[in-house]
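Subject: Structure for your review

Dear colleague,

I am handing over the structure we spoke of, and I would be grateful if you could look through it with the notes that come after it.

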Amino acid sequence: ADTDMANGSGQDVAPTSSKSSSPTTTPTASVVQKAISSTIQMLLLRLSSFVLTMLTKRCVSDIHTLGTVDVTLDLLRGTALFLGREGFRLAFGRHQNRHGRHGQGQQCKKQNQKQQ
């Protein structure tokens with residue numbers, strides 16, 4: 001039997017169990033389940049996108065209208081992506097100019113040059 005030596009009483013203590021009463025899953029099983037779930041969701045999303053695209057193309061009888069809408073939506077998508085990315089690109093460029101390529105500031109470089 002284990003004895004409790006932490007408080008110096010020397011009394012017998014029941015050994016504690018490291019196992020919990022709830023069933024546990026291994027980390028790899030959890031990862032595999034998440035991967036399978038993600039794959040199924042991706043396939044369902046792509047299948048539904050394909051079906052909706054085909055239904056749209058069948059319902060639109062005028063090909064000219066379909067081409068106009070496709071070009072308009074493509075331009076809208078391109079513009080939205082450009083505006084979203086341009087802000088990050090400019091902000092990152094300013095950050096890089098201010099802090100140098102490796103995270104050292106311009107002021108640190110000037111101080112190093114003055115010391116030499």
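Below I set out what was found, going from the fold to the pocket, the salt bridges and the surface.

Please keep in mind throughout that this is a predicted model. The secondary structure of the chain amounts to three helices and two strands, and, when one reads along the sequence, these follow the pattern β-β-α-α-α. Of the 116 residues of the chain, 2% count as buried, and the chain exposes about 11000 Å², with carbon and sulfur atoms supplying 60% of that area.

The largest pocket has a volume of about 160 Å³, and its lining is made up of Thr53, Thr56, Lys57, Val60, Leu66, Val69, Asp70 and Leu73. Two elements give two or more residues each to this lining, namely helix H1 (27-59) and helix H2 (63-99), and of the elements involved H2 gives the most, with four residues. Sorted by class, the lining of the largest pocket holds four nonpolar, two polar and two charged residues.

Turning to charged contacts, side chains of opposite charge can pair when their charged atoms come close. The count here comes to two salt bridges, and I describe each in turn.

In one of them, the side chains of Arg77 and Asp74 meet with an N to O distance of 2.8 Å. Because Arg77 and Asp74 are three residues apart in helix H2, about one helical turn separates them. Neither partner falls in the buried class: Arg77 counts as partly exposed, at 48% relative accessibility, and Asp74 is likewise partly exposed, with a relative accessible area of 42%.

In the other, Glu86 forms a salt bridge with Arg89, and the closest N and O atoms are 2.6 Å apart. Glu86 and Arg89 are also three residues apart in helix H2, so that about one helical turn lies between them. Glu86 has a relative accessible area of 22% and is therefore partly exposed, given that the buried class is reserved for values under 20%.

What forms the nonpolar patch on the surface? The patch consists of Val32, Ile36, Ile40, Leu44, Leu47, Phe50, Val51, Leu52, Met54 and Leu55, which together have about 940 Å² of accessible area. Ile36, one of the residues in this patch, has its place in helix H1. With a relative accessible area of 48%, Ile36 is partly exposed, since the exposed class begins over 50%.

When you go through the model yourself, the lining shared by helix H1 and helix H2 and the two salt bridges may be convenient places to start.

With best wishes

Definitions and conventions: Residues numbered from 1 in each chain as written. Predicted model: local features only at pLDDT ≥ 70, side-chain atom pairs only at ≥ 80, totals over all residues. Heavy atoms only, no water. 1 Å grid on protein atoms, 1.4 Å probe; cavity = no way out; pocket = protein on both sides within 12 Å on 5 of 7 lines; lining within 4 Å. Points joined across faces, edges and corners; volume = space filled by probe spheres on them. Nonpolar A, V, L, I, M, F, W, Y, C, P; charged D, E, K, R; others polar. Buried < 20%, exposed > 50% of the residue type's maximum accessible area, 1.4 Å probe, protein only. Areas by Shrake-Rupley, 256 points an atom, 1.4 Å probe, with all protein chains shown as cover. Salt bridge = Lys/Arg side-chain N within 4 Å of Asp/Glu carboxyl O. Patch = residues over 30% accessible without salt bridge, like charges linked within 9 Å, V, L, I, M, F, W, Y side chains within 5 Å.
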